[in-house]
Amino acid sequence: MNFEISDKFVDRHIGPNETELAEMLNEIGFKSAEELLDKIIHKTIRLENGIDVGDGVSELELLTDLKNIAKKNKVFKNYIGLGYYPTITPAVIQRNIFENPGWYTQYTPYQAEISQGRLEALLNYQTMVADLTALPLTNASLLDEATAAAEAMFMFYNSRKKEKKKSNVFLVADDIFPQTLDVLKTRANPIGIELRIVSVKDFQLTDDLFGMIVQYPNVDGEIIDYSDLFKRAEEKQIFKVVAADILSLALLKPPGEFGADCAVGSTQRLGIPMGFGGPHAGYFATKESFKRQVPGRIIGVSIDSQGNPALRMALQTREQHIKREKATSNICTAQVLLAIMAGMYAVYHGPVGIKNIAFRINRLTTLLAELLSNSNVEQLNENYFDTLKLRFTNKDVAKSISKIALDKEVNLRYIDETTIGISISESTFTTDVVVITNIIKEAMGETQISIDVINSISELKKSFDNYFVRESEYLTHEVFNLYRTETELMRYAKRLENKDLSLTTSMIPLGSCTMKLNATAELYPVSWSEFTQLHPFAPLNQAEGYLELFKEFEKQICEITGFAAASLQPNSGAQGEYAGLMVIREFHINNGEGHRNVVLIPSSAHGTNPASSVMAGNKVVIVACDDYGNVSLEDLKLKAEEQKDNLSAMMLTYPSTHGVFEHKVIEMCKIVHENGGQVYMDGANMNAQVGYTNPAIIGADVCHLNLHKTFAIPHGGGGPGVGPIVVAKHLAEYLPGHAVVKIGSEKSMTAVSAAPWGSASIIPISYAYIKMMGSAGLKEATTTAIINANYIKAKLQKHYTVLYTGVNGNVGHELIFDMRQFKISANVEVEDIAKRLMDYGYHAPTVSFPVGGTLMVEPTESESKTELDKFCDAMISIRNEIKQIENEKMDRVDNPLKNAPHTIHEVISNEWTHSYSREVAAFPFVHSKENKYWSPVSRIDNAYGDRNLICSCLPLTEYE
């Protein structure tokens, strides 16, 4: 008898059942899936034996397995600091946002009309950052504090005035966080920036400086007055960056008030768990004068076609796709979900609550200093917020403290043999302060104290000089002063959620984005304290569960890609690109060929490819594509041979961004190798490879994987993403290391992220996906994704032109429809079709990428035949509307496409001036009557928003 659990996860993940797949294959014109796949994926690149990641397990088996792994992690009390702090995530935020698919399954808000909820939440976040830093222009988050610092350095390097163009030195205080310094080193060298690392007191403002960075408070907790230094720097046109603890700014004078040009940092301690390093939202704030240079995404206020306030991404939207190698940054993914949580933390607590939290942390730190004031220990910080730096008389005392602390499950920071750092946090209690005090007193042979001692202390000294006291107000906007109770915040969060279209509403057919199911069982462990509460710099013997998870997951992705080694450090796809190129760079340098700096990139590539290449110190040479969308073999050969003395790499997306498997891919890789280069494969489309082929078999040397695409991590409205790189054996020794946690080899490149394993706490999601799908399930997912795309092609090719197909007339896992003809025939732009889909309850496919005037559709394997048919019905209905314009049955200007999307306010208004009915506007096909989604705003005026840039909250009356 069979006693196995019959409920297979693969059947819950994959949309169509066997009967539906047979019907779909019949529509496509094939008898079996293998017959179709044989036509699409050439036999020369097919895996003979498939992949072996084990058989798929049930959800219960997976959760039991992961709980056993998690138990191997030891959750100690952490006072390590260094930019990571225990915090309290309000349960109302955890349950209603972090664990809510209405928030975590959204995509980046490129279609702003149906993204107003998260755009408002991000505007709250930007307002919070602007208020606390006293700098007016902020973006909607970056990957972490270290990369935010590197982006600031890069921005100011590109902002040098004419007379400073030869200045290439960036002055770095030697008391910044070590992980930030590590990332600065990585980013500086390839683009010709020299880092000068010295003590702040030894700063010399020489003419070769273009910028500087300082930490506030510094790595050891000391608060330093930078105002005089910054005045002198301003006179010499030297840009000033402050890496600031954002919570400390509730009490301390903010960077914008003592002359900073830019403030960067992390919002982790605003309610985001440490998670062994991430994900967390890095913040970036600067002056208005740098609005055209700011990296990442800025949320701005505009108006819609009815004149009502509306939000959208301003200025930088998809700028890599426009500027490519001239882009100011390769940032493609932010940390939207975490930024929203941090912003909601400020909304929930308000200015009084935030100040009280900061004040309590400061008072507990001062209390600890007072309790130790009569002990034989020197407290070195003159001015401090949350951190004490303690020097002991000899190393034996410090050693004894370490032993006693570990016995009591307490982690402190051991700076050197006689010096210890202690950072207090929001989750510290007075009893914890007593425990810390007694650990130190025990080590020194002194009498222990009881909690009663605290009650006898009538007054505590100030921990910092009056000069540092913040006097300016912050968080004065209504949104930070309305939602004090849980009921109010719950309703506010739900109101915002309801404005947005997510996977809870309908299929999101974005090409190159892989909006597949993010299964609940995969996400469950992300909330477990064994994963969320570990400090990234805790002793590794406290993280045995994480280390086992990483080892197993790296083994999984090496098996899937055919490569030898992996790094989980890159915490976005674009950062994975950068890391891969930097590994190739290190390889060439170690081979005595550091001059190799030319990267060949097909014209069809993702826009971050050329941007990442330039950031890694390379020159970009574009390779042409032929009329069928394939890389031109002749042009590739010509350019590879022309550049053979300096060729570093080729960046190749496979299957291509045009949605086809190029049959000559092995030959392409061979050409590059014969001319001295390495092959970097962009893993954006790995969802079409798993189980059938892999990067190694096509001839690549390194690839990055988008775990937020192929391996089921949610997109979170624009982050978190994870972009690990997987490499061939000859590149393994160059994978990223880390300044604090010793990983990698002697030849490892410096870090690309702040944390050693990047966004560690969400790795369980992808591990769970692979474990539950198993070898056969992963291959079935690939099969179904390709069948779904070809089914849409078969259903819609009578109505729309399919731009590119493979040599046998089929597509891969995505396809491109050409909409350019309708501009002539009906005055209809591709944007009109995208906006009209909102009235039908759908998010548009990817607009005008990789080809202008097109829609790129990727259905993924998770959508059922029923949902695919509904989407196709919507597209066919829209085509019929275009026909009515072409046949002059509808006006070329006043029609439902040009006026889309239609809001409920417009449709129920007493005044209706359009030449078509309200029903046509709002309920254009039968399915929209079953589950109507209403866009909260009508079409947004993007140009107005850029001309009148407002990047912080408007008064609530503006939305009434």
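Let's start at a glycine: Gly617 comes right after helix α21 and has a positive phi, near 85°. Helices here are DSSP runs of H or I with at least four residues, strands are E runs of at least two, and both are numbered from the N terminus. Keep in mind that this is a predicted model, where local features need pLDDT of at least 70, side-chain atom pairs count only at pLDDT 80 or more, and totals for chains, interfaces and linings use all residues. Residues are numbered from 1 along each chain as its sequence is written, and side-chain values use heavy atoms, with hydrogens and water left out.

**Helix α21**
- Seven of the eight residues of α21 (residues 608-615) are buried, so the helix is largely enclosed by the rest of the structure. Buried means under 20% relative accessible area, exposed means over 50%, and partly exposed lies in between (1.4 Å probe, protein chains only).
- The buried ones are Thr608, Asn609, Pro610, Ala611, Ser612, Ser613 and Met615.

**Strand β5 and its partners**
- All the way along β5 (residues 209-216), eight of the eight residues are buried, so this strand too is largely enclosed by the rest of the structure.
- On to pairing: two strands pair if DSSP finds at least two bridges between them.
- Strand β3 (residues 169-173) runs parallel to β5, with four bridges joining them; Leu171 has Met212 in β5 as its bridge partner.
- β5 also pairs with strand β6 (residues 239-244), again in the parallel sense, over six bridges. There, Tyr216 is matched with Ala244 in β6.
- Put helix α10 (residues 227-235) between β5 and β6 and you get a right-handed β-α-β unit. Right-handed means that, with the strands pointing away from you, the path from the first strand over the helix to the second runs clockwise.

**An antiparallel sheet**
- Four strands make an open sheet, in the order β23-β24-β26-β25, with antiparallel pairing.
- At the edges sit β23 (801-802) and β25 (846-847), each pairing on one side only.
- Strands β24 (residues 815-818) and β26 (residues 854-857) run antiparallel and are joined by four bridges. Ile816 has Met856 in β26 as its bridge partner.

**Ala751, tucked into a loop**
- You'll find Ala751 in the loop between β22 (725-727) and α25 (763-796).
- Ala751 has 0% relative accessibility, so it counts as buried.
- Leaving aside neighbours within four places in sequence, Ala751 is in contact (heavy atoms within 4.5 Å) with Asp182, Val183, Thr186, Gln569, Gly737 and His738.
- Pro570 is 181 residues from Ala751 in sequence, yet their C-alpha atoms are 9.0 Å apart in space.
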